[in-house]
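Visitor: I am new to reading protein models. Could you walk me through a few features?

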Amino acid sequence: MKKKFRIKRDDIDGYLFILVALVIFSVFTIYPVISAVITSFQNYKPFGSEWVQFDNYKTALSNSLFYKSIKNTAVYTLLTVPFSLVIAFVVALLIMPFKKKTQSLFKALYYIPAVASGVATSVVWLWIYDSSPSGLFNQLMKFLHLPMQNWLASSKTAMLSLIIMSLLNGQGSSIIIYIAALLGIDTSYFEAADIDGASFLQKVRYIVLPLCKPTTLFLLVTGIINSFQVFQNAYMMTGGGPDNNTTMIGLLIFNNAFVYGKYGLACAQGVLLTIIIAGLTAIQFRVAGDDVEY
Amino acid sequence: MKKLVATLLAAAMAMSLLTGCSGGNSGGNETASTTAATTAAAKEETTAAAAETTAAETEAETPDPDTIAVMVPPVTGDYPELMEKWIAEYTADHPWITVDLTNTSWNENPDKISTMALSGEAPDIVMNDFKMLGTLVEMGVAVNVADYMDPEALADYDQNALDYLTLEGTLYALPLYMTIQALGGNKAMMEAAGADVEKIQTEGWTWDEFLEIIKNGTVKDQTWGLTFASAGSSTKDFVNIFGVAAGINNDFTPSLKYAYTSENMKNLLSTVETLVSSGYMPNYGVEAGQRLVMLQTGQTMVTGKAMPLFESNVKNNIAALADGSALEGTVEDLEYVFLPVPTLENVQPACYGIVDCLIPCRNQNSTDEHLKNVCDFLNFLTSGERIAEVANQVYLPAVCESGRKAQEGTVLDQSDANAAASERCLGLVIAPPTGVTTEQSANADTIMTEVIVPKFQALIAGETTADDMYQAICDAAFAAFGEDGCETGFFTY
């Protein structure tokens with residue numbers, strides 16, 4: 001017999017609890033997403049938009065800069081996300097043996113760049129990458145008797161400069177999450193490994209890595225999503241140049257929306273980006289998520 | 001009960017989040033609020049004065065209260081203070097008007113305008129150069145100024161300046177000034193390099209003469225012959241200013257064809273390629289703020305982009321040596337000279353000029369009555385003593401009759417030679433053709449930002465060739481304007 005659906009008193013309390021979050025989520029996430037999808041089919045104007053069907057999508061998909069920006073973003077993602085994970089994991093392993101107070105000190109130190117304003121950090125990096133002889137990196141090159149580099153204005157070094165900046169800037173959150181994961185591993189595994197005579201690397205390979213897999217998958221998925229949405233670095237450091245070699249998809253969308261006023265096209269590109277990110281996330285879960293439990 | 005309390009607390013937290021957003025907004029408009037308060041105070045005083053007239057008359061004549069929102073960058077160093085003064089003057093005569101002033105930075109200004117315009121909340125008056133008009137017209141927020149102004153008031157402005165602000169026969173802004181952008185130099189260094197500076201200022205120079213002089217002025221590891229700010233968005237200045245050297249004064253030719261696909265552009269790119277590989281200028285992107293510093297400290301002989309008002313900056317810096325606040329390494333006897341851009345073969349001498357303007361914008365509150373008030377206040381700001389004060393500060397003549405009249409008798413702290421050079425360059429400015437459509441204008445802007453500027457940066461860094469860059473421009477332009485809409489031969493104005 002089919003169970004009759006009835007809302008109980010406890011259910012109402014539950015709905016009330018999630019209502020606030022639901023309203024905020026609806027207003028600030030669901031509504032903008034729906035609005036962006038609708039706008040992507042319009043030639044948006046603040047006082048009367050016109051329906052243009054799939055024109056914005058056709059324009060986006062026939063623009064070579066769109067593909068170049070996707071390629072740039074993919075290169076940036078491929079080089080920053082895995083290296084970020086490795087750096088965060090290694091630093092977390094190095095911090096773990098310390099006492100709690102020392103651990104907290106290191107965690108705070110590594111987290112400072114995340115607290116600092118991104119714009120302020122970019123200004124510091126602009127000085128580091130200054131192409132004139134007074135730039136910090138160029139002074140280092142001079143000291144090492146190497147030729148000075150046009151760090152942000154040469155297509156040979158601009159992307160690399162952004163990647164180095166990203167790797168050295170933003171590992172704080174990942175390190176803290178990895179440390180939390182490491183602290184969650186039962187010490188009995190390590191005791192058993194010690195009895196079996198396992199080396200440090202063997203413990204990492206056979207105990208730490210498998211038990212940290214959910215964390216790694218989480219950081220990988222969120223890292224790729226964030227990396228595909230990267231905007232600030234390119235906007236502040238290179239403006240997308242030289243020759244659009246650091247124009248990321250986020251920067252292209254921003255330019256279309258807020259520089260050229262092509263809001264409909266920007267929304268269409270945003271929807272395409274969402275589809276790409278959703279596809280990549282699905283692939284990651286399919287490939288690496290089968291044996292992961294949360 | 002506990003659940004209820006928890007729910008209420010959660011709701012309160014969420015509300016505080018929203019309040020936070022709204023608080024940030026009002027924080028951002030602090031200046032606006034202050035000004036509104038100032039103008040309100042002025043309004044109160046005026047209202048008291050107005051009380052002397054009969055109550056019946058006042059009631060019959062006073063229009064409905066109206067608020068005009070204005071957003072401007074620091075057009076001159078003290079522009080925010082000047083604006084406060086002018087707002088007080090205007091509202092004293094128009095007590096029903098309140099003005100909300102928002103001061104913004106040059107860097108933020110264009111993006112702020114676009115973002116606010118897209119949301120239908122553009123300030124009533126914004127400031128930018130004429131190249132933004134196409135985008136605002138495409139968005140549907142630009143206003144036909146002529147619809148809301150008396151023809152006599154419009155007749156005050158120079159037609160040449162108004163032409164910059166006209167798209168498809170419609171006037172969308174009023175001019176602040178027409179600025180000329182070219183080169184500036186260290187007179188002593190140039191003379192040491194064999195230049196006849198006076199002749200250059202009065203008659204111009206050829207590209208070969210220019211190359212010879214910057215070659216002679218280059219001292220390895222000490223002084224560049226030429227330093228042109230080309231990092232980031234200032235690359236556009238390089239293209240615009242040296243475009244004039246090749247005969248490209250505007251995005252479109254007199255026959256309304258896209259100009260950057262012409263033979264002129266090809267010549268320019270080859271010349272720039274030679275210039276970059278010569279070693280007489282840095283092959284890295286120089287930040288805009290660095291160029292004048294490099295001139296003042298002897299690190300370069302010629303710099304760009306340069307304007308006549310740099311003479312004032314140079315003099316102020318030298319004067320600052322007395323109290324130790326001058327730039328480190330300042331050349332104490334530096335005499336700044338404003339220089340025209342050299343010209344390539346078969347090209348008539350010209351100068352790159354742009355018109356900075358105040359643009360009225362439509363927003364959700366715009367009614368015909370409101371726009372009439374906006375345009376009246378706009379005209380107040382861009383004419384008479386107000387515009388004379390601005391023009392004096394940027395060492396330029398006003399572009400309206402009332403402004404020039406107010407400038408009469410003003411003696412600028414400018415050398416005769418620089419004044420003559422400025423006057424000559426102003427006379428060489430060629431306004432864009434008036435038949436350009438909004439779509440052409442917006443497409444030209446996109447090609448400049450997406451193709452020309454990035455490729456030019458690569459050309460300066462020696463990573464692409466003139467031919468490749470020319471081909472990339474042609475590909476983008478043919479797609480946007482059609483091959484027939486692009487000039488591919490050599491043209492003159």
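Visitor: Is Asn346(B) buried or exposed?

Guide: First, remember that this is a predicted model. To judge burial, count the other C-beta atoms within 10 Å; 12 or fewer means exposed. Asn346(B) has 11 of them, so Asn346(B) is exposed.

Visitor: Where is Asn346(B) found in chain B?

Guide: Look at the loop between strand S9 (336–339) and strand S10 (352–360) of chain B. Asn346(B) sits there.

Visitor: What is notable about the backbone of Asn346(B)?

Guide: Start with the general idea. Most residues other than glycine have a negative phi. Now the case here. Asn346(B) is not a glycine, yet its phi is positive, about 65°.

Visitor: Which phi does Asp221(B) have?

Guide: Asp221(B) has a positive phi too, of about 60°, and it is not a glycine. Find Asp221(B) in the loop between helix H11 (207–217) and strand S7 (224–228) of chain B.

Visitor: Is Asp221(B) buried or exposed?

Guide: Use the count again. Asp221(B) has 5 other C-beta atoms within 10 Å, so Asp221(B) is exposed.

Visitor: What about the peptide bond from Gly304(B) to Lys305(B)?

Guide: General idea again: most peptide bonds are trans. The bond from Gly304(B) to Lys305(B) is cis, with omega near -5°. Lys305(B) belongs to strand S8 (residues 300–306) of chain B.

Visitor: Let us zoom out. Into which domains is chain B divided?

Guide: Domain 1 covers 32–43 + 63–172 + 355–381. Domain 2 covers 180–351 + 437–485. Each is written in pieces of chain B, so read every range. The C-alpha centres of the two domains lie 32 Å apart.

Visitor: How many residues does each domain of chain B give to the contact?

Guide: Domain 1 of chain B gives 8 residues, and domain 2 of chain B gives 5. On the domain 1 side, helix H6 (residues 133–139) of chain B supplies the largest share, 5 residues. By class, that domain 1 side has 3 nonpolar, 2 polar and 3 charged residues.

Visitor: And between the chains, how many residues does each one bring to the contact?

Guide: Chain A brings 27 residues, and chain B brings 36. In chain A, helix H1 (9–39) and helix H13 (249–259) each supply at least two residues of the side that touches chain B. The largest share of that side, 5 residues, comes from H1(A).

Visitor: How do the residues on the side of chain A that touches chain B divide by class?

Guide: Sort them into three groups. That side of chain A has 13 nonpolar, 11 polar and 3 charged residues.

Definitions and conventions:
Residues are numbered from 1 along each chain as its sequence is written. Chains are lettered from A and ligands numbered from 1 in the order in which they are written. This is a predicted model: local features need pLDDT of at least 70, side-chain atom pairs count only at pLDDT 80 or more; totals for chains, interfaces and linings use all residues. Helices (H or I, at least four residues) and strands (E, at least two) are DSSP runs, numbered from the N terminus. A residue is buried if 20 or more other C-beta atoms lie within 10 Å of its own, exposed if 12 or fewer, and partly exposed in between; C-beta atoms are placed from the backbone. Two residues are in contact if their C-beta atoms, placed from the backbone, lie within 7 Å. Ala, Val, Leu, Ile, Met, Phe, Trp, Tyr, Cys and Pro count as nonpolar, Asp, Glu, Lys and Arg as charged, and the others, Gly among them, as polar.
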